[in-house]
Amino acid sequence: MTFYEETIRSKTIYKGNVTEYVVDDVKLPNGKMAKREIVRHDGAAAVLPFTNDDKLVLVKQYRKAIDQLSIEIPAGLKDESDENSMETAKRELEEETGYNAKSWKFVTSFYSTPGFTDEFLEIYEATDLFQIEDPLSPDEDENIEVIKATYDEAWDYYNKGLLRDSKTVFALFYWKMRKLEIKLGE
């Protein structure tokens, strides 16, 4: 069976600072036509910043799309489409938390919601954190509170519905896996 959808026509209906909205007319493998509404995105990077006393640095902010507070790992958009994702991760960690790290490790990457967007997110683990004396300023439209959470506190945020975005839920399960690996290695 063929799974390819041929684009017959593509029309941009809106182009903003962060995303571009496109409607594609596609020919399905069975020959029928369909429309695909697609959100184009330059990509993003996120950070799992662990302190030396095994706390996860998180940020609390209001998210208008869900109309509620959200507790998340630091993350952000590439400033330019050709920006390296590691550079994005380092910049976002500094802008949002005032930290940098001596040790960086690539963890994973994924498409956030491929049913309607091409947003590609790359996640890094940062350890040996240190406070930056004069950090980069957060974006003008960001109001952020930095939180250092223990493993149990982070899961409590999840259970209370404050920590629900995909990248941060992934971070919790990654942390759980890390703890299990450490325990098994003893």
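# Exercises on strands, sheets and helices

In this predicted model, strands S2 and S3 (residues 33-41) run antiparallel and are joined by 9 bridges.

**Exercise 1. Follow the strands S1, S2 and S3 through their pairings and turns.**

Step 1. Begin with the pair just named: in the pairing of S2 with S3, Asp 25 stands opposite Lys 35.

Step 2. Look at the link between these two strands. The hairpin of S2 and S3 has 5 residues between the strands, and Gly 31 there takes a positive phi near 95°.

Step 3. Go to the pairing of S1 with S2. Strand S1 (residues 6-15) and strand S2 (residues 19-27) are antiparallel, with 8 bridges. Here the bridge partner of Arg 9 is Asp 25 in S2.

Step 4. Check the turn between S1 and S2: these strands form a hairpin, with 3 residues between them.

Step 5. Put the bridges together. Asp 25 of S2 is the partner of Arg 9 and also stands opposite Lys 35 in S3.

As background, the strands of a sheet pair through backbone hydrogen bonds, in either a parallel or an antiparallel way.

**Exercise 2. In which order do the strands of the open sheet of 4 strands lie, and which are its edge strands?**

Step 1. Read the order across the sheet: S7-S4-S9-S8, with mixed pairing.

Step 2. Find the strands that pair on one side only. These are strand S7 (75-77) and strand S8 (99-111), the edge strands.

Step 3. Consider the angle between neighbours. On average, neighbouring strands of this sheet are turned by 25° against each other, direction ignored.

Step 4. Examine one pairing. S8 and strand S9 (residues 120-131) are antiparallel over 11 bridges, and Trp 104 stands opposite Ala 126 in S9.

Step 5. Add the helices. Helix H1 (residues 85-97) lies across strand S4 (44-49), S7, S8 and S9, and runs at about 125° to S8. Helix H3 (residues 166-185) also lies across S4, S7, S8 and S9, but its angle to S8 is about 110°.

**Exercise 3. Is Gln 61 buried or exposed?**

Step 1. Locate the residue: Gln 61 is in strand S5 (residues 56-63).

Step 2. Take its relative accessibility, which is 6%. The cut-off for buried is under 20%.

Step 3. Conclude: Gln 61 counts as buried because its relative accessibility is 6%.

Step 4. List contacts, leaving aside neighbours within four places in sequence. Gln 61 is in contact with Gln 68, Leu 69, Ser 70, Glu 72, Glu 142, Asn 143 and Ile 144.

Key. Residues numbered from 1 in each chain as written. Predicted model: local features only at pLDDT ≥ 70, side-chain atom pairs only at ≥ 80, totals over all residues. Heavy atoms only, no water. Buried < 20%, exposed > 50% of the residue type's maximum accessible area, 1.4 Å probe, protein only. Contact = heavy atoms within 4.5 Å. Pairing = 2+ DSSP bridges. Axes fitted to C-alpha atoms, helices over the stretch in contact; angles between N-to-C directions.
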